[in-house]
Amino acid sequence: MSFEVKEKDLLARIGKLKTKTATVETPLLFPVINPSIQPISTPRLKEHFGFEAIITNAYILYKRYKNQPVDQTLHKFLNFNGAIMTDSGAYQILVYGNVAVNQAQIVNYQEQINSDIATILDIPTGWHVKKEQAEQTVAETLKRAKAFFKQKTRNDILWVGPVQGGKYLDLVAKSAQTMRKLPFPIHALGSPTEVMESYRYDVLVDMIMTAKMNLPPDRPLHLFGAGHPHMMALATAIGCDLFDSAAYALYARENRYMTENGTWKLDELTYFPCQCPKCANSTPKTVLELPKKEKEIFLAEHNLHVCVAELKRIKQAIRDGRLWEHVEMRAHAHPALLSAFKRVKNYKAFIEKYSPTTKPSGLFFFDAIGLSRPEVIRHEKRLRENYLPPENAKILLLTPQTRTKPFHKAVEFKKIRQVIARVEQNSFDSKVHVCFYVAPFGVVPIELTEVYPLSQHETAMPLDYETTNHVASQVSHYIECANYQSVILINDSENWENAIQKACKTACKNKGIPFASIKAKLFDRKDILTPLEKILKTNLSE
């Protein structure tokens with residue numbers, strides 16, 4: 001096995017996963033195949049939809065078809081020449097409580113049918129269980145994971161080591177920490193289905209991130225049962241590489257129509273909000289009148305088109321460095337998704353650590369949710385840990401951000417620069433250090449304004465309360481940690497009200513240094529420049 005990462009954004013990766021049959025690209029969706037009731041043929045899945053891999057249930061094959069997949073091999077039995085993953089029957093354990101097979105048997109069976117990717121027989125934790133029962137599922141799964149390496153006989157199958165623990169994050173961490181020590185090439189997060197059915201995407205974020213933070217970063221992570229397009233972007237952004245979906249077919253049987261923003265009942269629609277090959281020349285009314293089987297096939301194919309389209313959007317967003325914006329847009333489709341996206345802030349340091357430092361495009365900042373994005377965290381961290389103001393700087397001059405970027409080249413700033421030069425008489429060692437207060441980054445020293453992404457961003461105005469307070473807090477912290485002898489603020493009260501002024505005043509009082517504020521709307525007005533020049537002269541003379 002090899003897993004080669006080609007592109008990254010946040011914790012998402014576009015990668016190449018090599019199996020013995022095919023090399024597939026991640027993020028990857030496996031359509032779930034049930035040979036007994038499959039609405040779309042497997043050759044059509046590859047030829048028409050472009051799916052490189054599928055997944056089927058080895059336990060169902062074992063019970064219903066016995067040796068037929070063994071004699072034919074799985075690829076011929078399913079008539080699919082791409083990569084095939086098999087689940088072990090763990091979902092049946094979750095639903096029915098037990099399966100009529102042990103791990104050694106199902107491991108042997110997956111080897112005999114020639115799976116490309118296979119799964120050990122783990123014990124799912126489930127959602128409505130007490131912690132004592134959850135502990136048992138984790139212990140038994142880990143016991144089986146350790147025993148597995150004496151049971152397998154082939155080395156050309158990629159085996160999945162599932163992480164269990166459910167909503168009990170300490171158990172998820174324990175499970176992942178043990179699994180990482182075992183040589184599984186792929187890991188999976190078990191038991192997410194019931195969490196998603198309850199729309200507890202915030203809990204799902206905690207589960208995924210806990211597993212991700214305790215697993216090796218070079219191994220792909222599979223999220224079992226997560227095949228709805230409206231949550232794929234969020235799951236990908238926090239590190240899931242592989243997904244599987246039976247929803248495309250299950251929903252079709254129930255007359256449910258998928259979109260990237262949610263699901264509708266077919267009889268609730270007057271128009272199709274989609275231009276896929278199925279919907280372009282049809283209406284909900286005409287589809288409702290189709291025979292049951294034709295209607296099911298129509299919906300299943302549409303649902304797959306939506307999933308494929310969303311995966312392509314996610315991949316393009318990764319390449320463009322705009323995955324955060326894409327997730328933010330998707331998150332506003334449902335309050336549960338937005339709550340989950342807000343939960344990401346609890347893991348912002350970890351995400352920043354593995355997110356690229358530069359990107360091919362700038363970033364868009366809309367509201368306080370963006371304060372958790374890696375670029376903001378990284379700037380604040382580097383300013384705090386790696387930056388010192390110029391040695392001769394005695395006066396901090398804080399000016400507001402400008403529409404023009406970089407800020408120091410803005411027309412509005414030229415007048416201020418002329419005032420500083422006149423007061424200092426063009427001195428080589430300037431005692432006036434200019435910094436800009438900027439949403440969402442906080443303090444931006446003038447010498448750093450061209451560093452990515454401090455000039456490569458757009459911010460929505462007016463700012464929300466959380467963002468204004470966050471930047472004010474950053475300004476206060478910067479003043480208290482630096483060694484300036486005085487602070488002068490050009491106060492943009494129109495965009496910032498008095499938040500920055502209050503923060504500066506409090507910080508200077510704590511430091512015991514002079515503070516002066518000049519109210520400003522336009523930089524080049526004489527009633528700003530004249531008092532600025534007077535204050536600078538006074539402070540420099542002192």
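## Working through the model

The sulfur of Cys 279 is 3.6 Å from the closest cysteine sulfur, which belongs to Cys 276, and that is too far for a bond. Keep that pair in mind for the first exercise, and remember that what you're looking at is a predicted model.

**Exercise 1. Work out how many disulfides the structure holds, using Cys 279 and Cys 435 as test cases.**

Step 1. Get the cut-off straight: two cysteine sulfurs have to lie within 2.5 Å to count as a disulfide.

Step 2. Try Cys 279. Its closest cysteine sulfur, in Cys 276, is 3.6 Å away, so there's no bond here. Cys 279 is also buried, at 2% relative accessible area.

Step 3. Now Cys 435. This one is in no disulfide either, as the nearest cysteine sulfur, that of Cys 504, is 11 Å off. Cys 435 is buried too, with a relative accessible area of 0%.

Step 4. Give the total for the structure: zero disulfides.

**Exercise 2. Take the salt bridge between Lys 131 and Asp 170 and say which helices it links.**

Step 1. Check the distance. The closest N and O atoms of Lys 131 and Asp 170 are 2.6 Å apart, and the cut-off for a salt bridge is 4 Å.

Step 2. Place both ends. Lys 131 belongs to helix H7 (residues 131–151) and Asp 170 to helix H8 (residues 169–179); with their positions 39 residues apart, the pair links distant parts of the chain.

Step 3. Look at the surroundings. Both count as partly exposed: Lys 131 has a relative accessible area of 30%, and Asp 170 comes in at 43%.

**Exercise 3. Compare two further pairs, Glu 25 with Lys 16 and Lys 278 with Glu 301: is each partner buried or partly exposed?**

Step 1. Start with Glu 25 and Lys 16, whose closest N and O atoms are 3.6 Å apart in a salt bridge. Glu 25 is partly exposed at 22%, and Lys 16 is partly exposed at 31%.

Step 2. Go on to Lys 278 and Glu 301, where the N to O distance is 3.5 Å. This salt bridge ties the loop between strand S13 (262–265) and helix H13 (284–288), home of Lys 278, to helix H14 (residues 292–320), home of Glu 301, across 23 residues of sequence.

Step 3. Sort those two by accessibility. Lys 278 is partly exposed at 22%, but Glu 301 has just 4% and counts as buried, because the limit for buried is under 20%.

Step 4. Zoom out. The structure holds 30 salt bridges, and one network of them links Asp 9, Arg 322, Glu 325, Lys 359, Arg 373 and Glu 375.

**Exercise 4. Trace the barrel and the open sheet: what is the strand order in each?**

Step 1. Follow the barrel round. Eight strands close it in the order S4-S5-S6-S7-S8-S9-S10-S11, with parallel pairing. On average, neighbours are turned by 30° against each other, ignoring direction.

Step 2. Pick out one pairing in the barrel. S9 (residues 186–189) and S10 (residues 221–223) run parallel and share three bridges. Here Leu 189 faces Leu 223 of S10.

Step 3. Add a helix. H11 (residues 229–237) lies across strand S4 (28–33), S10 and strand S11 (242–245), at about 155° to S11.

Step 4. Turn to the open sheet, where five strands come in the order S17-S16-S15-S19-S20 and the pairing is mixed. Its edges are S17 (442–445) and S20 (515–519), each of which pairs on one side only. From one strand to the next, the twist averages 25°.

Step 5. Pick out a pairing here as well. S15 (residues 395–400) and S16 (residues 432–438) are parallel partners over six bridges, and Thr 399 has Phe 436 in S16 as its bridge partner.

**Exercise 5. Describe where Ala 100 sits and which residues it touches.**

Step 1. Find it in the chain: Ala 100 is in the loop between helix H5 (90–96) and helix H6 (103–112).

Step 2. Check the surface. At 52% relative accessible area, Ala 100 is exposed.

Step 3. List its contacts. Skipping neighbours within four places in sequence, Ala 100 touches Tyr 59, Tyr 62 and Lys 63.

Step 4. Take a long-range distance. Ala 100 is 164 residues from Trp 264 in sequence and 37 Å from it in space, C-alpha to C-alpha.

Key. Residues numbered from 1 in each chain as written. Predicted model: local features only at pLDDT ≥ 70, side-chain atom pairs only at ≥ 80, totals over all residues. Heavy atoms only, no water. Salt bridge = Lys/Arg side-chain N within 4 Å of Asp/Glu carboxyl O. Buried < 20%, exposed > 50% of the residue type's maximum accessible area, 1.4 Å probe, protein only. Helix = DSSP H or I, 4+ residues; strand = E, 2+ residues; numbered from the N terminus. Pairing = 2+ DSSP bridges. Axes fitted to C-alpha atoms, helices over the stretch in contact; angles between N-to-C directions. Contact = heavy atoms within 4.5 Å.
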